[in-house]
Every structure is written in C-alpha cells, then in structure tokens.
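Open the model in a viewer and keep the selection tool at hand. The stops below each name what to pick and what is found there.

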Amino acid sequence: MSTNEIPHDKSLDNSLTLLQEGYLFISNRMERYKSDIFEARLLGQKAICISGEEAAQLFYDNERFQRFGAAPKRVQKTLFGENAIQSMDDEPHIHRKKLFMSLMTPSYQNQLTDRLTDELNASISKWENADKVILLGESKDILTKVACDWAGVPLSDTELTQRADDFITMVYTFGTVGPDHWKGRRARNRAEQWIKGVIEDVRAGRLMVEEESALYAMAYHKQLDGKPLDAHMAAVELINVLRPIVAIATFITYAALALHEHPEYKEKLQNDNSKFTEMFVQEVRRYYPFGPFVGARVRKDFHWKNCEFKTGRLVLLDIYGINHDERIWKNPNQFQPERFKDWNSNPFTFIPQGGGDPAKGHRCPGEGITVEVMKTILDFLVNSIEYDIPNQDLNYSLSEMPTIPKSGFIMSNVRRKNNL
C-alpha cells in the first residue's frame, strides 16, 4: 500500500495534539488503528510514526535512515546543541562516536561512581540538618559537581547551582514552547559560552588538565580531516557528555519513587549482591517515562509492510510505546524487576536510551554510566541512610515531555544508618 492508504489522522496538523498527549501520542494511535504504522502531520510536515520490535530494527538500519535534518532546531537549541553528534551520519558519526565510547568504558564508569559515592557520603550531614531534602534538586547538584570533577572541568562552589540548573533546564525544556523554551535556549547559551572558554583555556595552556580526562579528549579531538573541532563545537560535544550525566537525576527520582511505591523490594535490595539492584534499575528505566520518541529521516526510498518510505520523510519511533509493548513485555504496565532475570538483552525491545549497537549506531553511549550511577545511588538510599516520606504530590503527567514527579521527591528526617 502507499502512505495514502496507511492509517492517518484527519487533522490538518497534529502538533498541538502531540503536546497534549505527550508520551502516549503514538501509542494511542497504534491502539486506535490496530497498526504499527500511521501517518501524521507534525510541524507542517508529513511524518510516519512506527512502533514495535520490528520497527525498531528497521529504524536503526543506517542504510535506510539518517539523523541529519531529523531533530528540529528548537530541540538542537535546547537539548543537543546545533550540528552535534546526534545529527551526524556515516563515517563522521562513527569517528565522533568512538570518541564518546572511549570516555564511557568500565574504567571511566568506576572513576565516576567512586567520586559519586564520596560525594553522597559527604552529603549525609547536610541532609540530616535539613528540614527537607528534594532528591531531584540534590541529585542535579551532586551529579553536576561529580561530572565536572570527573571530566576535568573546573567548577567553583559559587557557580555550582547555576551550572546544574542550566544543565537540567536543557533537558526539561526540549519539548516546551513559549517562555520555557526560551529559558532552555538561554541555559544552553550560557553553558556553551562557559565550556567554550574552558576549552580555549586548555588549548592556550592557561589550564592544565589530565590527558585521560573528557575535557582533554574534547579539546584535542581531531576530525577525519585531521583538524581539531572548533572551540564552540568542542564545547557542544563536551556538554553532550556532562548534560546526560546530570539528566540521570530524573531516573534517580523515579528509582526513589519505585522504592517508595514498592517497599516489598527493599529487603532484596539491602541483601543484594548487585544482581537484583541491576534488575530493579533496568525496570525503572523501562517502566517510568524518559524519552518519548526519537526521529530520523529516510535516506533512500524503500518499502516496509507494503508502505512506501520516501527519501527525506520524517519518521518517529515510539520509545515509550516499545518499552510498554505487551507483545514484548508481559504485564507492561506493572513494575516487575524480576522480568530482567532472564532477559535476552535484545537491543530492539528495551530502548530507554535508543536501540541497536551503541558503537555503530545512535544508541546512547552513556547507557552504562546511567546504570552504574543509578545502582550507586539506589544502594546509598537503601543501605546508607534512612528517611521519611512526607505528604507530597508524587504524580507525574504523561502529557509533559519530559515529565517528573511534581514534588521532585521530598525526604525528611534523613539520618545516617548505624552500620556506617
């Protein structure tokens, strides 16, 4: 069939509906049309929306899709940065991806989590003396401090809150319009100017930095033509290392919420040898909302499910829907960490940070860091401190992209466990 024959909404433009339905926009229509594919009109252009394991395998085929021109400028100007790795293809993308992958090895993960453990333990006294602790805010600040120290980026105590706020604002404004969107642009501009200045200081010899650090790697990275990145692009890509680490504050907040909503797992986590902790973390990443969908453009004409995909057409893959697909996950709307006990590691069925091979495609290279950071903080929440959960609004709305519990997860009466 042609794209004129596949299911499609009759609305002149679905952009407003997308903002209203958020994470469920694609899933709602898949259910309505009983189809893994439909056509919509978004931001004035035709788009094909797809879902399911087979769709994910298709979407991450680099012969059929490209990322250049897929991310809207408004997303680049808040979340990714313009012309960054997320919009690259082919050899330039693979070359740049090797740089990112080299900074995400188990050794680098351990360096980061060791710093994180120290910072968390140092925070206990402060939290004990506070009337309340908002976990989202505290995580954001701690992860910014730890990430910058790990990357070799100098950061004073006086600027910590501003830098942390800017990083998290980039994340929480990518799907917004109006004043919030412009707030995100201002946050990115401040961060880029700051990191660009740091890059220039390194190159001029005014700032000495360890050669193994992410800052050094970005400052002196050479492109395929042998030329270094210009200072601005080096700053954009270094932010693409730092910002995702700070964004883990979202997953951390959801992990605490899961622990609160499912206290039956606390004993298992306390007595765990890390296996169940990892299962719990993975289920948090599957169950709770993070990325709603991801886009690409058709590289060359092809057919799939008897549908014609025209060169240049925008295609959206339903990340949230695949992570909640009942054909893939039994009881997908129930929180069940045990489902990961015998999971087959299929890279196209569990895609909270993209699908496929991270070394060759567009799956997030920092996924391992995300898991290890979450495990570290979950272990801290379970084994290092005790706390009360006061009355608060822990609801989150799937119509907001991204979304987070309204209260940010408030803890009170925090105290150190006696075994420390």
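## Starting in the core

Select Leu238 first; leaving out residues up to four places away in sequence, Leu238 is in contact with Val153, Ile195, Ile199, Ala214, Leu215 and Met218. Bear in mind that this is a predicted model. Leu238 belongs to the largest nonpolar core, a set of 96 residues, and shares with Phe280 the position of having the most contacts inside that core. Now colour α11, which supplies 22 residues, the largest share of this core. Apart from this core there is another one, of 22 residues; to find it, select Trp304, Val315, Leu317 and Ile351, which are among its members.

## Along helix α5

Next, select residues 90–102, which make up helix α5. Its 13 residues reach 18 Å from the first C-alpha to the last, close to the 18 Å expected at 1.5 Å a residue. Which residues of α5 are buried? They are His93, Arg96, Lys97, Leu99 and Phe100. Turn the view to look down the axis of α5: the buried residues fall within an arc of 150°, so they line one face of the helix. An α-helix has 3.6 residues a turn, so residues three or four places apart point the same way. Glu91 and Lys98, on the other side of α5, are exposed. To see what the buried residues of α5 pack against, show α10 (214–220) and α11 (231–261).

## The sheet and its helices

Move on to the open sheet, in which 3 strands follow the order β4-β10-β9 with antiparallel pairing. Its edge strands, each paired on one side only, are β4 (133–134) and β9 (385–388). Between β4 and β10 (residues 410–416) there are 2 bridges. Pick Val133 and look across to β10, where Met411 stands opposite.

Then add helix α6 (residues 106–128), which packs on the sheet and touches β4, β9 and β10. The direction of α6 makes about 110° with that of β10. Helix α15 (residues 367–383) lies across β9 and β10, and runs at about 75° to β9.

## Last stop: Glu5

Finish at Glu5, in the segment before α1 (15–21). Is Glu5 buried or exposed? With a relative accessible area of 54%, Glu5 is exposed, since the cut-off for exposed is over 50%. Add Asn306 to the selection: Glu5 and Asn306 are 301 residues apart in sequence, and their C-alpha atoms are 10.0 Å apart in space.

Methods: Residues are numbered from 1 along each chain as its sequence is written. This is a predicted model: local features need pLDDT of at least 70, side-chain atom pairs count only at pLDDT 80 or more; totals for chains, interfaces and linings use all residues. Side-chain values use heavy atoms; hydrogens and water are left out. Helices (H or I, at least four residues) and strands (E, at least two) are DSSP runs, numbered from the N terminus. The expected span of a helix is 1.5 Å times one less than its number of residues. Buried means under 20% relative accessible area, exposed over 50%, partly exposed in between (1.4 Å probe, protein chains only). The arc is that of the directions from the helix axis to the C-beta atoms. Contact means heavy atoms within 4.5 Å. Two strands pair if DSSP finds at least two bridges between them. Axes are lines fitted to C-alpha atoms, for helices over the stretch in contact, and angles run from 0 to 180 degrees between N-to-C directions. A nonpolar core is a set of buried Ala, Val, Leu, Ile, Met, Phe, Trp, Tyr and Cys residues joined through side-chain atoms within 4.5 Å.
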